[in-house]
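This report describes a protein model at the level of its domains, its salt bridges and selected residues. The sequence and structure are shown first.

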Amino acid sequence: MKAARLFGYHEPLKIVEVDYPRITKPDHVVVRVKGAGVCHTDLHVVEGMWQVSFPRTLGHENAGIVEEVGDAVEGFKRGDPVIIHPAMTDGVCRACRAGEDMYCENLEFVGMGRDGGFAEYMLTSARSLVKAEGLDLAEIAPMADAGLTVMRAVKKASIGLYPGSFVAVVGIGGLGHIAVQLLKLMSSAYIVAIDVVEGKLRLAEQLGADYVVNAREDPVRQIFEITGRRGVNVAMDLVGVQSTHDTCIRILRKGGKVVVVGYGGVINVKSQDMIANELTVEGSLVGNYLELADLVELARQGKVKLVTKRFPLERVNEALNMLKTGELVGRAVLTP
Ligand SMILES: [Zn+2]
């Protein structure tokens with residue numbers, strides 16, 4: 001079968017022939033990949049920000065059709081459409097029993113710690129599958145990470161929101177365009193969308209953002225104007241470069257919170273300011289199984305829609321490049 005694999009940091013992926021994944025445990029499942037979202041984390045793996053062994057098949061936001069199941073798998077059979085939680089978990093550690101899959105003591109993350117979905121088939125375990133009948137699998141594939149990550153982050157953000165409060169969504173890319181929709185569903189705050197690309201700001205408006213701010217034009221000043229000089233209650237940093245980290249801290253009002261989702265920079269906040277203004281900085285990592293299941297239900301109800309651009313597997317490097325340069329509107333999805 002074909003797979004897009006990374007053979008070394010800072011190298012383009014190569015399309016190569018690899019062995020069909022072999023079931024070695026009774027809870028294993030092989031899925032025929034119908035959609036694999038392309039994520040900034042894939043770029044970060046290529047850049048060497050995460051340690052992986054080579055060669056590695058990337059791709060952690062996957063959906064497809066069950067091809068084969070291990071002897072102990074119940075509830076899933078060949079032909080079932082599924083979306084795949086990116087973490088393979090043991091199910092028995094304290095974190096798993098608390099429902100926090102991402103804290104699992106034996107976590108294996110597909111597309112990083114083991115091979116992912118930039119391939120015709122991938123291996124996972126039954127615990128990671130959410131049924132996805134009636135959904136377009138290529139379209140919903142990015143729910144497995146982009147959507148899931150935003151689901152968890154918006155839940156964290158919405159704790160600090162009330163009718164008439166303000167939430168800033170920094171970065172209207174693959175995550176941000178979902179964040180606007182989920183904030184609309186889960187809060188009654190005014191949504192301020194921030195980006196540097198006009199097309200992405202227009203998309204945010206269409207999806208329900210109340211205000212848009214082009215970050216090329218002094219975003220801090222614009223946000224203080226929008227919020228009556230108070231600042232926002234919550235800022236969601238979905239980009240994670242130094243300038244967005246710094247902007248998010250500067251636009252918070254007293255008691256404000258920044259939810260950090262995008263990564264790469266350093267959060268600089270003076271402890272004196274943190275105390276004087278009671279600021280909170282909260283990280284958010286992917287999401288748990290139930291958060292994915294809930295998101296798939298929202299998709300089924302038609303309440304969350306993904307904007308996707310499809311690429312055949314062979315064009316994976318083009319998709320990665322477009323993500324890097326910021327020219328993609330919505331999410332790139334490979335269709336192996
Ligand atoms: Zn566990």
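The text below treats the domain arrangement, then the salt bridges, and then two buried strand residues.

## Domain arrangement

The model is a predicted one. The domain assignment of the protein chain gives two segments to domain 1, namely 2-145 and 287-334, while domain 2 covers 148-283. Taken over C-alpha atoms, the centres of domain 1 and domain 2 are 27 Å apart. To the contact, domain 1 contributes 28 residues and domain 2 contributes 18 residues. Together the two domains bury about 2000 Å² between them, and 61% of this area is on carbon and sulfur atoms.

Polar interactions also cross this boundary. Twelve residue pairs are in polar contact across the interface of domain 1 and domain 2, with both residues of each pair at pLDDT 80 or more. On the side of domain 1 that touches domain 2, the elements giving two or more residues are helix H1 (40-46) and helix H10 (289-300). The largest share of that side comes from H10, with five residues. Sorted by class, the side of domain 1 that touches domain 2 holds 14 nonpolar residues, seven polar residues and seven charged residues.

The count of salt bridges between domain 1 and domain 2 is three. A salt bridge joins the side chains of Glu100 and Arg152, with an N to O distance of 3.2 Å. Given the domain bounds, Glu100 falls in domain 1 and Arg152 in domain 2.

## Salt bridges in the whole structure

A search of the whole structure finds 23 salt bridges. The table lists four of these pairs with the separation of their N and O atoms.

| Residue pair | N to O distance |
|---|---|
| Glu100 and Arg152 | 3.2 Å |
| Arg5 and Asp115 | 3.0 Å |
| Glu205 and Arg202 | 2.8 Å |
| Arg221 and Glu225 | 3.0 Å |

The salt bridge of Arg5 with Asp115 has its closest N and O atoms 3.0 Å apart. Arg5 belongs to strand S1 (residues 2-6) and Asp115 to the loop between strand S8 (108-109) and S9, so this pair ties together parts that are 110 residues apart in sequence. Arg5 is buried, at a relative accessible area of 12%, whereas Asp115 is partly exposed at 30%.

Two further pairs lie within helices. Helix H6 spans residues 198-206 and contains Glu205. The side chain of Glu205 meets that of Arg202 in a salt bridge of 2.8 Å, N to O. These residues are three places apart in helix H6, which means that about one helical turn separates them. Glu205 is partly exposed, with a relative accessible area of 40%, and Arg202 also counts as partly exposed, at 35%. Beyond its helix, Glu205 has a C-alpha to C-alpha distance of 9.8 Å to His177, from which it is 28 residues away in sequence.

In helix H7 (residues 219-226), Arg221 and Glu225 are four residues apart, about one turn of the helix. Their salt bridge has its closest N and O atoms 3.0 Å apart. Arg221 is partly exposed, with a relative accessible area of 39%. Elsewhere, salt bridges that share partners join Glu100, Arg152, Lys155 and Glu291 into one network.

## Two buried strand residues

Thr124 is part of strand S9, which runs over residues 121-125. The relative accessibility of Thr124 is 0%, so this residue counts as buried. Apart from neighbours within four places in sequence, Thr124 is in contact with Asp27, His28, Val29, Val31, Ile84, Met88 and Leu129. Among these partners, His28, Val29 and Val31 fall within the residue range 28-37 of strand S3.

Gly37 lies in strand S3. Gly37 likewise has 0% relative accessibility and therefore counts as buried. Not counting residues up to four places away in sequence, Gly37 touches Asp42, Glu61, Phe118, Ala141, Ala332 and Val333. Of these, Asp42 falls within the bounds of helix H1 (40-46), while Ala332 and Val333 fall within the 287-334 segment of domain 1. The C-alpha atoms of Gly37 and Arg310 are separated by 9.1 Å, although the two residues are 273 residues apart along the chain.

How values were computed
Residues are numbered from 1 along each chain as its sequence is written. This is a predicted model: local features need pLDDT of at least 70, side-chain atom pairs count only at pLDDT 80 or more; totals for chains, interfaces and linings use all residues. Side-chain values use heavy atoms; hydrogens and water are left out. Domain bounds come from an automatic or database domain assignment. Contact means heavy atoms within 4.5 Å. Buried area is the accessible area (1.4 Å probe) that two parts lose on being put together, summed over both. A salt bridge is a side-chain nitrogen of Lys or Arg within 4 Å of a carboxyl oxygen of Asp or Glu. A polar contact is a pair of N or O atoms within 3.5 Å; within protein, one must be able to donate a hydrogen and the other to accept it, and residues adjacent in sequence count only if both atoms are side-chain atoms. Ala, Val, Leu, Ile, Met, Phe, Trp, Tyr, Cys and Pro count as nonpolar, Asp, Glu, Lys and Arg as charged, and the others, Gly among them, as polar. Buried means under 20% relative accessible area, exposed over 50%, partly exposed in between (1.4 Å probe, protein chains only).
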